[in-house]
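I'm opening my notebook on this one and writing down what I look up as I go. Short entries, plain words.

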Amino acid sequence: MKLTEKRAYRLTWDEVGEIIADEMEKILGFRLACMACYGDDSYWDIQFPGYHMPLSQVCALLEATDAPKEAWEDALPDEGDRTVTCLGLYLPLQLIKKNLSMTWQHTLITPEGLWLVGIEVLPDGDFQSLCKTLLQAVEDIRAYIAKWEAENDG
């Protein structure tokens, strides 16, 4: 038998709600309370207590995350409703992907939280951004020292 080891992250439902609220704030420009709700081992959603999200905002989220067709179909209401009070799991997964700058091979939905299994960090992920920022800071310090030395040696 061959065993395969995979990287995995477990997010509590509170963490899922916060991650999605953070990403939605970046896209929509305002903070919205997001509550991740476990349904069963195959379904969860994000609810907005006391808020009815207009379809224009739902579409903005879908566009900003480059959501696939199934996310559009899941997020937009079948009936003639003009607002939604929750988002099924497809768009929230896109928001998590965008916020964490990572992809995964599988999800596992449990009463305690959401498992992301087979993690792969995207090239523009936080770690790479941090490295670029640190390298820029080092270059800025070197430039400052060189300028100071030129001014004080002459």
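**Entry 1: around helix α2**

I started with what covers the buried residues of α2, and the cover includes α1, β4 (53–54), α3, β5 (83–84), β6 (86–88) and α4. I noted the terms straight away: buried means under 20% relative accessible area, exposed means over 50%, and partly exposed is in between, with a 1.4 Å probe and protein chains only. Helices (H or I, at least four residues) and strands (E, at least two) are DSSP runs, numbered from the N terminus.

I also noted what I'm looking at: this is a predicted model, where local features need pLDDT of at least 70 and side-chain atom pairs count only at pLDDT 80 or more, while totals for chains, interfaces and linings use all residues. Residues are numbered from 1 along each chain as its sequence is written, and side-chain values use heavy atoms, with hydrogens and water left out.

Which residues of α2 are buried? I found Gln 57, Val 58, Leu 61 and Leu 62. Seen down the axis of α2, these buried residues fall within an arc of 140°, so they line one face of the helix. The arc is taken from the directions from the helix axis to the C-beta atoms. I remembered the rule behind this: an α-helix has 3.6 residues a turn, so residues three or four places apart point the same way. On the other side of α2, I found Ser 56 and Glu 63 exposed. Just after α2, Asp 66 takes a positive phi of about 50°.

**Entry 2: the whole protein**

I stepped back and counted five helices and 10 strands. Of the 154 residues, 31% are buried. I looked at contacts too (heavy atoms within 4.5 Å). Among those between residues at least 6 apart in sequence, 58% join residues at least 24 apart.

**Entry 3: the core**

Next I looked up the largest nonpolar core, which has 33 residues. Such a core is a set of buried Ala, Val, Leu, Ile, Met, Phe, Trp, Tyr and Cys residues joined through side-chain atoms within 4.5 Å. The residues with the most contacts inside this core are Val 16, Ile 20, Met 24, Trp 44, Ile 96 and Leu 114. The elements giving two or more residues to the core are α1 (13–28), β3 (43–47), α2 (55–64), α3 (69–75), α4 (90–100) and β9 (113–117). Which element gives the largest share? I found that α1 does, with six residues.

I picked Leu 114 for a closer look; its place is in strand β9. Leu 114 is buried, with a relative accessible area of 0%. Leaving out residues up to four places away in sequence, Leu 114 touches a list of residues including Tyr 9, Val 16, Trp 44, Leu 93 and Ile 96. The C-alpha atoms of Leu 114 and Thr 12 are separated by 6.3 Å, with their places 102 residues apart along the chain.

**Entry 4: aromatic rings**

How many aromatic pairs does a search of the whole structure find? I got three. Rings of Phe, Tyr and Trp (its six-membered ring) pair if their centres lie within 6.5 Å; planes under 30 degrees apart count as stacked, over 60 as edge-to-face and the rest as tilted. The rings of Trp 13 and Tyr 38 have centres 6.3 Å apart and planes at 45°, so this pair is tilted. Trp 13 is in helix α1 and Tyr 38 in strand β2 (residues 35–40), so the pair ties together parts that are 25 residues apart in sequence.

Are these two residues buried or partly exposed? Trp 13 is buried at 8% relative accessibility, and Tyr 38 is partly exposed at 32%. Together with Trp 44, Trp 13 and Tyr 38 form one aromatic cluster.

**Entry 5: strands side by side**

I followed Tyr 38 along to its strand partner: Tyr 38 stands opposite Trp 44 in β3. Two strands pair if DSSP finds at least two bridges between them. β2 and β3 run antiparallel, joined by five bridges, and they form a hairpin with two residues between them. β3 also runs antiparallel to β6, with three bridges. There, Asp 45 has Gly 88 of β6 as its bridge partner.

**Entry 6: Thr 110**

Last, I checked Thr 110 in strand β8 (residues 106–110). Thr 110 is buried, with a relative accessible area of 13%. Its side chain reaches the backbone oxygen of Gly 113 at 2.9 Å.

Key: Polar contact = N/O pair within 3.5 Å; in protein donor to acceptor, adjacent residues only side chain to side chain.
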